[in-house]
Amino acid sequence: MFYYKEITMKERIIQVMNAKGLSSSKFAEEIGIQRAAMSHILNERNKPSLDVLTKIIRRFPEINPEWLLLGNGQMKRNMYGHPQMQQSELFTNVTPVKPEMPKEPAPRKEPLPETVSKKTASPDDLSPVVTEIKETFVSAETPSRKISQIMIFFSDHTYEIFRPEKE
């Protein structure tokens, strides 16, 4: 008979450590917990608290929280927050879509208003035609924009977020 052995949360944490190439003390430092607390988890003296699991997910956002907490799905999730799919699954059952050609704008139906009145000048008329042009500048005040974050996506389906320092 074949029995399925579910991997424990401790084993999933060890998988994360191995995937990141970190020792238990470096892993504890990375997620911001005491080395002793990490040792107690690995020696099964204590189970990982919700705080520890939250710190793992915050430090390594590519880790699928459902996998870490429940063992469901894949270990890593993609840049959109969903569990990572195998590349072979990515393009199955895709129907090709014919691109639409851009439509030309409809011709204008209303006549353009006349901007200059036509005047026939006689040779005796020496007064120049004066056209007054008024320019109005409207200053549209836009709120100053600042960069809040920059995200860089890598080919291995990970990403990094850069945020400016607080002023």
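The following paragraphs describe the fold, the salt bridges and two loop residues of a predicted model.

The protein chain contains six helices and two strands. In sequence order these elements follow the pattern α-α-α-α-α-α-β-β, with strand 1 spanning 150–153 and strand 2 spanning 159–162. Of the 167 residues in the chain, 17% count as buried. The accessible surface of the protein chain amounts to about 15400 Å², and carbon and sulfur atoms account for 54% of this area. Among contacts between residues at least 6 apart in sequence, 38% join residues at least 24 apart.

Four salt bridges are present in the structure. One of them pairs the side chains of Glu44 and Lys10, with an N to O distance of 3.6 Å. This pair links distant parts of the chain, the two residues being 34 residues apart. Lys10 belongs to helix 1 (residues 9–20), whereas Glu44 is located in the loop between helix 3 (35–42) and helix 4 (50–59). The two partners can also be described by their accessibility. Glu44 has a relative accessible area of 56% and is therefore exposed, the cut-off for this class being over 50%. Lys10, with a relative accessible area of 21%, is partly exposed; the buried class is reserved for values under 20%.

A second salt bridge is formed by Arg59 and Glu30, whose closest N and O atoms are 2.6 Å apart. Because Arg59 lies in helix 4 and Glu30 in helix 2 (residues 24–31), the pair ties together parts that are 29 residues apart in sequence. Arg59 counts as partly exposed at 37% relative accessibility. Glu30 is likewise partly exposed, its relative accessible area being 33%.

Helix 4 also holds a salt bridge between residues of its own, Lys55 and Asp51. The side chains of Lys55 and Asp51 meet at an N to O distance of 3.7 Å. The two residues are four residues apart in helix 4, so about one helical turn separates them. Lys55 is partly exposed, with a relative accessible area of 27%, and Asp51 is partly exposed at 45%. In general, side chains of opposite charge can pair when their charged atoms come close.

Two loop residues were examined individually. Gly71 is located in the loop between helix 5 (65–70) and helix 6 (87–90). With a relative accessibility of 28%, Gly71 counts as partly exposed. The C-alpha atoms of Gly71 and Met9 are 7.6 Å apart in space, although the two residues are 62 residues apart in sequence. When residues up to four places away in sequence are not counted, Gly71 touches Arg12 and Glu66. Arg12 falls within the span of helix 1 (residues 9–20), and Glu66 within that of helix 5 (65–70).

Thr158 occupies the loop between strand 1 and strand 2. The relative accessibility of Thr158 is 17%, so this residue counts as buried. The side chain of Thr158 is joined to that of Asp156 by a polar contact of 2.6 Å. With neighbours within four places in sequence left aside, Thr158 is in contact with Ile152 and Phe153. Both of these positions fall within the span of strand 1 (150–153).

Terms used:
Residues are numbered from 1 along each chain as its sequence is written. This is a predicted model: local features need pLDDT of at least 70, side-chain atom pairs count only at pLDDT 80 or more; totals for chains, interfaces and linings use all residues. Side-chain values use heavy atoms; hydrogens and water are left out. Buried means under 20% relative accessible area, exposed over 50%, partly exposed in between (1.4 Å probe, protein chains only). Contact means heavy atoms within 4.5 Å. Accessible areas come from the Shrake-Rupley method with a 1.4 Å probe; for residues, only the protein chains shown count as cover. A polar contact is a pair of N or O atoms within 3.5 Å; within protein, one must be able to donate a hydrogen and the other to accept it, and residues adjacent in sequence count only if both atoms are side-chain atoms.
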